[in-house]
Amino acid sequence: VAAQEAGLIPADLKRQVEPSLRARVDWRRALRACLQEGTGRAVVTTWQRASRRYASLPGIKRLGAQTIWTLVDCSGSIGEELLRRFVAEIYALARFYGCTLKILPWDARAYPAARACAPGRVKAAAAGSLRGGGGTVLRPALEALLARMRSRETVVILSDGYIADLADQATLQLYRRVTARAAQTVFITAGRVPHLPHTAVVRML
């Protein structure tokens, strides 16, 4: 465990990620099942469809999942193979949902977010933005996320679960603010299984 718990000094080392690995299907199914709870909740009124109950009033249109925020752990405890698997799953999510992905790399601090508007651009965006190699502290990433995300957007956190400040009250308070604002929050772990409020946890196989 001590080897997994890397130090708190971030290594601002940009990583080159090959975008060729295919995502693994077993845990993708579980992830998709979790995300379905957060999709289709955003609705708008439209005159193109009459209300089912009152014909003189506009109906509603479900917009589905418009944005998925993906927080990618790039700390020292994350190996290159695991990082590539993370990138592969980001691509799989974009292809499956056909939505906008915003990728936020983090380790001991949050790095600039990258936007991938179409599935074909996800791999290029991820390869150009993933960096890190230092410790693992979630609070800066949550602060950066809260400053940018809108209500009812979906949040996916990709990590190995070895996060130094996960039990800190300040971090948990920020985390609760994220889950209160999000349509759905999913934590994908390749190692330790965290106990987090209002979160669907998926274990990578």
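How many helices and strands does the protein have? Color by secondary structure: five helices and ten strands appear. Helices (H or I, at least four residues) and strands (E, at least two) are DSSP runs, numbered from the N terminus.

This is a predicted model, in which local features need pLDDT of at least 70, side-chain atom pairs count only at pLDDT 80 or more, and totals for chains, interfaces and linings use all residues. Residues are numbered from 1 along each chain as its sequence is written, and side-chain values use heavy atoms, with hydrogens and water left out.

**Whole chain**

Show the surface. About 10,300 Å² is exposed, and carbon and sulfur atoms supply 49% of that area. Accessible areas come from the Shrake-Rupley method with a 1.4 Å probe; for residues, only the protein chains shown count as cover. Of the 205 residues, 49% count as buried. Buried means under 20% relative accessible area, exposed over 50%, and partly exposed in between (1.4 Å probe, protein chains only). Now consider contacts, meaning heavy atoms within 4.5 Å. Among those with a separation of 6 or more, 72% link residues 24 or more positions apart.

**Helix H2**

Select residues 80-97, helix H2. Its end C-alpha atoms are 26 Å apart, which agrees with the 26 Å expected for 18 residues at 1.5 Å a residue. The expected span is 1.5 Å times one less than the number of residues. Buried residues here include Leu 82, Phe 86, Ile 90, Leu 93 and Tyr 97. Step just past the helix to Gly 98, which takes a positive phi of about 60°.

**The cores**

Which residues touch the most other members of the largest nonpolar core? Select Val 72, Phe 86, Leu 158, Val 186 and Ile 188, out of 24 core residues. The elements giving two or more residues to this core are H1 (25-35), S4, H2, S5, S8, S9 (184-189) and S10 (200-203). H2 gives the most, with seven residues. A nonpolar core is a set of buried Ala, Val, Leu, Ile, Met, Phe, Trp, Tyr and Cys residues joined through side-chain atoms within 4.5 Å.

Center on Phe 86. Leaving out residues up to four places away in sequence, Phe 86 touches Val 72, Asp 73, Ile 78, Leu 158, Ser 159 and Met 204. Apart from this core lies another, of 22 residues, among them Leu 104, Ala 141, Ala 144 and Val 155.

**Helix H4**

Select residues 139-148, helix H4. Ala 141, Leu 142, Ala 144, Leu 145 and Leu 146 are buried there. Their cover includes S4, S5 (100-106), S8 (154-159) and H5 (169-181).

**Thr 67**

Go to strand S4 (residues 67-73), where Thr 67 is found. Buried or exposed? Thr 67 is buried, with a relative accessible area of 10%. Beyond residues up to four places away in sequence, Thr 67 touches Thr 100, Lys 102, Glu 153 and Thr 154.

**Strand S9**

Finish at S9. Six of its six residues are buried, so S9 is largely enclosed by the rest of the structure. In a regular strand the side chains alternate between the two faces of the sheet. On one side of S9 sit Gln 184, Val 186 and Ile 188; on the other, Thr 185, Phe 187 and Thr 189.

Look at the neighbors. Strands pair if DSSP finds at least two bridges between them. S8 and S9 run parallel, joined by six bridges, and Leu 158 stands opposite Ile 188. S9 and S10 also run parallel, with four bridges, and Val 186 stands opposite Ala 200.
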